[in-house]
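Q: Could you take me through one part of this model up close? I'd like to see how the inside is put together and how the pieces of a chain meet.

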Protein chains: 2
Amino acid sequence: MVPGVEIADEELRRPVRPRVGRTGFLNCVPLFWGLARTAALLSIDLVEDTPDALAQRLLAGDLDVATVPVADYLLNRDRLVLLPGIATSSDGPVMSCAIVSKVPIVGLEGRTFAIASSSPTCGRLAQLLLKRQEVEGPRYVTSSEDLRAALQEADAIALTGDEVLRYAVDRAARGGLHVYDLGALWRRWTGLPFVFGVWAVRRDVAARAPHMVREVHGALLAARDLAMTEAAELARRAAEWEVFDAVTLEHYFTRALDYSLSDRQLAGLTEFARCTGHEDFTVDTTGPSAVFAPIT
Amino acid sequence: MVPGVEIADEELRRPVRPRVGRTGFLNCVPLFWGLARTAALLSIDLVEDTPDALAQRLLAGDLDVATVPVADYLLNRDRLVLLPGIATSSDGPVMSCAIVSKVPIVGLEGRTFAIASSSPTCGRLAQLLLKRQEVEGPRYVTSSEDLRAALQEADAIALTGDEVLRYAVDRAARGGLHVYDLGALWRRWTGLPFVFGVWAVRRDVAARAPHMVREVHGALLAARDLAMTEAAELARRAAEWEVFDAVTLEHYFTRALDYSLSDRQLAGLTEFARCTGHEDFTVDTTGPSAVFAPIT
């Protein structure tokens with residue numbers, strides 16, 4: 001035993017920063033901007049992954065707080081609670097979540113339909129909308145999020161991401177492909193916004209570390225608010241490193257996407273829950289089955 | 001071939017962000033703070049690694065710009081150039097680079113002396129200073145940066161890092177160990193500051209992508225300047241997640257460390273080069289063997 005070293009080792013143990021998960025998609029760039037500009041990045045351990053992997057890692061205990069696809073949240077809501085007031089939704093075209101198809105939707109009857117494994121919510125939404133269009137019996141297969149590879153095997157794919165955004169922006173890029181914006185279709189059908197991603201925390205973490213959850217929640221809200229205030233500058237800076245121009249990015253960040261989670265979004269979320277077999281889902285905010293982490 | 005997909009794939013190719021390497025030590029936190037607050041993190045791909053690994057990755061082409069130990073820079077200066085005006089030095093006690101020894105330095109004759117593999121500059125400096133103290137024949141061995149493990153095998157260790165900083169701050173933590181601040185010893189010996197780390201870029205990258213180097217250099221200087229302006233707030237926020245209090249951290253960031261690279265630092269660097277067999281090192285700023293990347 002070396003004198004002094006044991007003590008020092010014990011005292012060197014630092015408090016552990018909350019591990020927070022974000023996607024690498026453009027839709028998370030405003031929050032990243034805000035977390036940077038407010039220096040909250042100093043206080044969290046920010047991890048980047050695909051939406052589906054973030055859900056898995058949150059459930060596995062590898063992350064404390066993460067943005068997760070709403071389909072994953074609904075499937076695991078006995079173990080997860082939402083952070084109030086913040087989500088990723090659209091009230092009309094979302095631009096970055098779509099069905100990309102070789103034929104018009106109505107011609108997909110009996111054809112092969114790929115669902116990108118990274119986009120479970122997008123897949124569920126596409127299935128709902130095809131059913132509503134009375135497109136019977138497409139064969140659903142899981143694919144990678146590589147659109148090109150998926151369309152070698154399948155006739156259509158439902159996926160989320162920046163590649164889809166490209167199709168929304170540039171008709172020429174589509175070539176002969178048909179692109180259906182899932183935010184727009186949902187809105188036309190229900191009259192409601194669609195919530196694609198929510199911010200969630202495990203129930204046990206919310207119970208054990210409410211202070212941490214409050215801090216992360218506050219940091220996310222402040223980041224979101226600052227990013228919206230600085231959206232023009234954010235879009236200009238982001239455009240230097242993306243294939244999209246600043247005008248497109250500002251539109252996407254501030255008009256296509258909505259980072260709030262208010263009554264209209266909650267109504268949209270409840271409607272999606274009802275449509276996907278979670279009829280018992282209600283937005284109760286108190287009691288043991290509360291939807292929201294006890295933030296206040 | 002799926003129509004449209006080929007075009008989209010080509011057009012989706014984004015410009016690649018410069019890959020910039022920083023250490024995970026506290027001495028890099030001010031730059032991280034500044035890069036976050038100025039939102040430069042949106043424009044670079046910031047990678048964290050140990051100082052020695054950063055040097056290896058920079059030389060291997062895995063990084064475009066990185067902070068590297070001055071010993072690594074001197075050994076590879078045929079392939080590297082410095083970014084002007086920015087470095088990590090101290091003009092007296094540095095607090096985080098030291099010899100930690102079971103016995104007073106003069107008693108190390110013939111004993112085993114460990115050099116942490118992650119701290120090559122610290123090791124070279126310790127060897128120089130022992131020689132100057134006429135401590136003959138310590139057996140130098142390479143160790144991990146785990147101080148406890150190293151001192152099970154060796155009588156002393158030279159290393160850099162936050163664990164050493166703990167010893168500088170808290171005498172009680174040292175137990176029976178002797179701690180020699182290498183910045184203080186160097187200053188007493190030479191009257192000069194010691195440059196521990198420099199920011200370097202490969203010569204071929206500086207020649208091929210001067211605009212990128214200029215952008216990263218500007219971002220680093222702006223980050224450093226903002227961090228110094230906001231040092232009190234930075235120290236307060238950092239202290240929430242470190243074992244050190246805000247007063248200690250502000251002292252460390254603003255008084256122990258110096259992030260400039262001016263004539264005094266360059267004189268210290270030249271003196272260290274001379275002492276370590278790089279007698280031909282001079283701070284020429286033009287021509288093919290220029291020390292500095294052609295930034296302006």
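A: In this predicted model, the largest nonpolar core takes in 182 residues, and the members that touch the most others in it are A:Leu83 and B:Leu83. Let's look around the chain B copy. Leaving aside residues up to four places away in sequence, B:Leu83 touches B:Val65, then B:Trp199, B:Val201, B:Val213, B:His217 and B:Leu220, and further along B:Leu261, B:Phe292, B:Ala293 and B:Ile295.

Over in chain A, Leu83 falls in the 14-90 segment of domain 1, which the assignment pairs with 194-275, while domain 2 runs over 97-190. The C-alpha centres of these two domains of chain A are 24 Å apart. Where they meet, 22 residues of domain 1 are in contact with 20 residues of domain 2. Together the two bury about 1,700 Å², with 75% of that on carbon and sulfur atoms. On the domain 1 side, A:Phe25, A:Phe194 and A:Phe244 lose the most area to domain 2, and the three make up 28% of what that side buries. As for the polar side of things, there are 0 salt bridges between the two domains, and 3 residue pairs are in polar contact, counting pairs with both residues at pLDDT 80 or more.

How far can you lean on all this? Chain A has a mean pLDDT of 91, and 95% of its residues reach 70 or more. For the complex, the predictor gives an ipTM of 0.86 and a pTM of 0.89. Residues 1-12 of chain A are another matter: pLDDT stays under 50 there, though the model has 31 contacts for them beyond four places in sequence. Where pLDDT is low, the predicted coordinates shouldn't be read in detail.

How values were computed:
Residues are numbered from 1 along each chain as its sequence is written. Chains are lettered from A and ligands numbered from 1 in the order in which they are written. This is a predicted model: local features need pLDDT of at least 70, side-chain atom pairs count only at pLDDT 80 or more; totals for chains, interfaces and linings use all residues. Side-chain values use heavy atoms; hydrogens and water are left out. pLDDT is the predictor's confidence in each residue, from 0 to 100. Contact means heavy atoms within 4.5 Å. A nonpolar core is a set of buried Ala, Val, Leu, Ile, Met, Phe, Trp, Tyr and Cys residues joined through side-chain atoms within 4.5 Å. Buried means under 20% relative accessible area, exposed over 50%, partly exposed in between (1.4 Å probe, protein chains only). Domain bounds come from an automatic or database domain assignment. Buried area is the accessible area (1.4 Å probe) that two parts lose on being put together, summed over both. A salt bridge is a side-chain nitrogen of Lys or Arg within 4 Å of a carboxyl oxygen of Asp or Glu. A polar contact is a pair of N or O atoms within 3.5 Å; within protein, one must be able to donate a hydrogen and the other to accept it, and residues adjacent in sequence count only if both atoms are side-chain atoms.
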